[in-house]
Amino acid sequence: MSNAVAQLHSLYQYLDRLYPQATNLAAAERLQLACDQIAPKFCQLYQQQPVLMQAQLALASANHSALANLALKQAVVILVIASHSRWPLSLQEHVLSASFAGLCGLKSEMLSQVDEDPIQLKDPWLITLRSHQAHLPAIWLQLFASCCRLRQQAPIWQQDPLAAVLLLAYQLTLPLCQTTTAGKVGFETVFRQLWRQSEGIGLSLLQILSLSGAQLYQLGRFCSDSIGAVAFITEAEPQLRGYLFDLNLKSLSAEPIALAGSGMHLLPPRVCKDQSWLSLLVRQAKDLLETADPEPMSLALIQQLNPDWSVSRQVSFLQDHPAFCQLLCNAASELSRQHTQVKDLRHALALIGTEQLPLLLRQSWLAQQTELCAQPWQQWFQQLDAVFSQALQLLAAQTRRVDLTPNQAKLIAGCFNLQLQQHEVLRHLPLHRPGRNNTSIVSECRTFIWQDAESLRQTAQLLAATGAKMLWQDAVLNFRTTPGIQADYSQQQAAQLLLQFGWVLTELYFWGAATQPDTLEALYKNSRHALDLPAISLSQWLEQLQQHCQAFWPLQPKM
């Protein structure tokens with residue numbers, strides 16, 4: 001038995017032990033620990049042996065319980081979505097851990113009994129909540145409740161968005177493990193059925209899964225031609241390959257062969273009784289560092305770029321880093337007339353200006369980091385970022401007391417945005433839930449910005465790392481303290497009030513209400529006095545902001 005197959009076997013064994021002990025583990029407050037401990041091992045094995053893991057969607061293990069088979073297949077679906085969506089490892093492990101716990105209310109007999117009530121199996125999270133509610137962590141209670149509501153067609157924007165992943169993974173894998181359908185339908189059949197029924201986030205997740213092509217339903221399957229030749233499929237992409245199986249000798253060919261064009265058709269999924277078959281699906285293991293996506297750019301590398309260099313030297317530096325070149329050309333295209341595509345690096349530099357290049361690259365680094373957060377409501381945060389940036393630019397254009405360029409405003413707004421998206425709690429909250437505003441993204445954003453002890457310090461550090469002036473770092477650190485009305489304001493106080501008033505305008509425009517309405521009038525008067533702003537009403541400021549940005553709330557998350 002190869003090491004990879006042995007690891008897979010140990011994962012099955014762990015799940016075999018987990019579910020019979022779930023009640024005792026939950027009572028002892030150890031269920032979350034038990035699920036958390038196994039999740040990283042799933043991630044590691046999938047990263048090193050994706051073919052072996054994906055083949056488990058077709059191969060049911062005869063040596064392990066039906067519930068263990070279901071949990072492992074469900075984990076494979078989640079890991080495929082995570083891989084295509086480039087989830088951070090912490091998110092992969094969290095969702096896997098929750099998926100294992102979500103099945104703790106089921107028994108293996110429920111999957112094997114032909115007369116079992118199918119309604120009961122459609123909502124395993126409800127059974128788990130009823131059985132272990134008193135012992136589950138709050139984040140799982142919220143997630144499982146969202147799964148129940150999503151199954152009943154509740155709007156996704158009122159739920160934990162990650163519940164959509166758990167729901168789809170369960171719906172795709174349950175028919176593969178039930179006695180009434182296991183061995184009769186393949187993954188592709190269930191996939192097609194759900195595709196016809198799905199919309200919104202469910203359809204988006206299915207589209208992500210479809211990026212794997214035939215691998216999800218062909219690996220580990222037998223196929224046959226019209227004359228009875230049988231082959232075991234071990235490779236689906238980019239070419240269908242497998243081992244011919246001699247039905248008389250009950251043996252496989254020595255080497256795999258190409259199967260495309262030989263008139264082969266898929267046979268139903270099989271129960272795997274001999275683990276030696278799994279060895280055919282093992283590939284040469286890769287080190288985790290080798291399989292990790294390389295980071296396109298880093299701040300240390302950006303800092304090496306000197307705006308005082310000659311254009312030729314800057315072009316040479318950029319050409320050594322292709323990610324920078326693409327980024328620069330895209331930014332230049334936005335500045336060109338009619339937004340025509342700019343492909344020449346020198347042309348791009350001429351449009352942008354060498355003095356603006358380092359700041360532009362830092363903004364792009366921020367955008368890259370926010371993308372890596374894999375926040376389900378990332379588009380919503382992008383809208384919030386755009387409104388805050390425009391609010392700062394609007395105020396900066398009306399004052400001479402403090403200097404803030406449009407690119408600097410985008411940098412400050414980007415740092416706030418990144419800090420919010422890195423806040424783990426916000427990943428699991430709905431946009432809005434009627435009657436439960438205390439659990440929405442907006443309420444948590446308010447708390448994070450105005451009350452969290454570390455958020456402002458971390459944002460200031462991020463500004464320092466991205467080259468922002470000390471003036472704006474100090475303004476962020478003092479964001480929550482408003483200077484009183486006075487005859488003369490220091491530049492730092494002016495910068496501080498510009499940030500505060502810009503953020504409050506953002507809250508009023510994007511959220512519909514300020515976090516601290518009692519201090520709104522005083523802040524407005526103070527800001528007008530400190531920044532020498534035009535004497536117009538607050539509603540007029542909001543009208544001007546609306547002219548510069550047309551923000552919206554996306555009602556579908558993006559995984």
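**Notes on the predicted model**

1. A good place to start is a side-chain pair: Q378 and Q421 are joined by a polar contact between their side chains, at 3.5 Å. Please keep in mind that this is a predicted model. Leaving aside residues up to four places away in sequence, Q378 touches T370, E371 and Q421. Q378 belongs to helix 21, which covers residues 378-396. Is Q378 buried or exposed? With a relative accessibility of 9%, Q378 counts as buried, because the cut-off for that class is under 20%.

2. Just before that helix, have a look at A374, in the loop between helix 20 (357-372) and helix 21. A374 has a positive phi of about 55°, although A374 is not a glycine. For context, most residues other than glycine have a negative phi. A374 is counted as buried, at 12% relative accessibility.

3. Q153 also deserves a look when you go through the backbone torsions: its phi is positive, about 70°, and Q153 is not a glycine either. The loop that holds Q153 runs between helix 10 (138-151) and helix 11 (163-177). Here the residue is exposed, with a relative accessible area of 69%.

4. Which peptide bond is cis, with omega near 0°? That is the bond from E237 to P238. P238 sits in the loop linking strand 3 (230-235) and strand 4 (241-246). In general, most peptide bonds are trans.

5. On to the cysteines: how many disulfides does the model have? The count is zero. C43 is in no disulfide, and the nearest cysteine sulfur to it, from C35, lies 13 Å away. That distance is not within the 2.5 Å that a disulfide requires, so C43 and C35 are not paired. C43 is buried, at 3% relative accessible area. C549 is likewise in no disulfide; its nearest cysteine sulfur belongs to C445, 17 Å away. C549 is buried too, with a relative accessible area of 9%.

6. Finally, the overall picture. The protein contains 28 helices and eight strands, and its C-alpha trace spans about 95 × 60 × 40 Å along the principal axes. Of the 559 residues, 52% are buried. Taking contacts between residues at least 6 apart in sequence, 67% join residues at least 24 apart.

7. For the surface and charges, the protein exposes about 25,400 Å², with 50% of that supplied by carbon and sulfur atoms. There are 38 positive and 41 negative charges, and the mean positions of the two sets are 3 Å apart.

Note on methods
Residues numbered from 1 in each chain as written. Predicted model: local features only at pLDDT ≥ 70, side-chain atom pairs only at ≥ 80, totals over all residues. Heavy atoms only, no water. Helix = DSSP H or I, 4+ residues; strand = E, 2+ residues; numbered from the N terminus. Buried < 20%, exposed > 50% of the residue type's maximum accessible area, 1.4 Å probe, protein only. Contact = heavy atoms within 4.5 Å. Areas by Shrake-Rupley, 256 points an atom, 1.4 Å probe, with all protein chains shown as cover. Lys, Arg positive; Asp, Glu negative; His and termini not counted. Charge placed at Lys NZ, Arg CZ, Asp CG, Glu CD. Polar contact = N/O pair within 3.5 Å; in protein donor to acceptor, adjacent residues only side chain to side chain.
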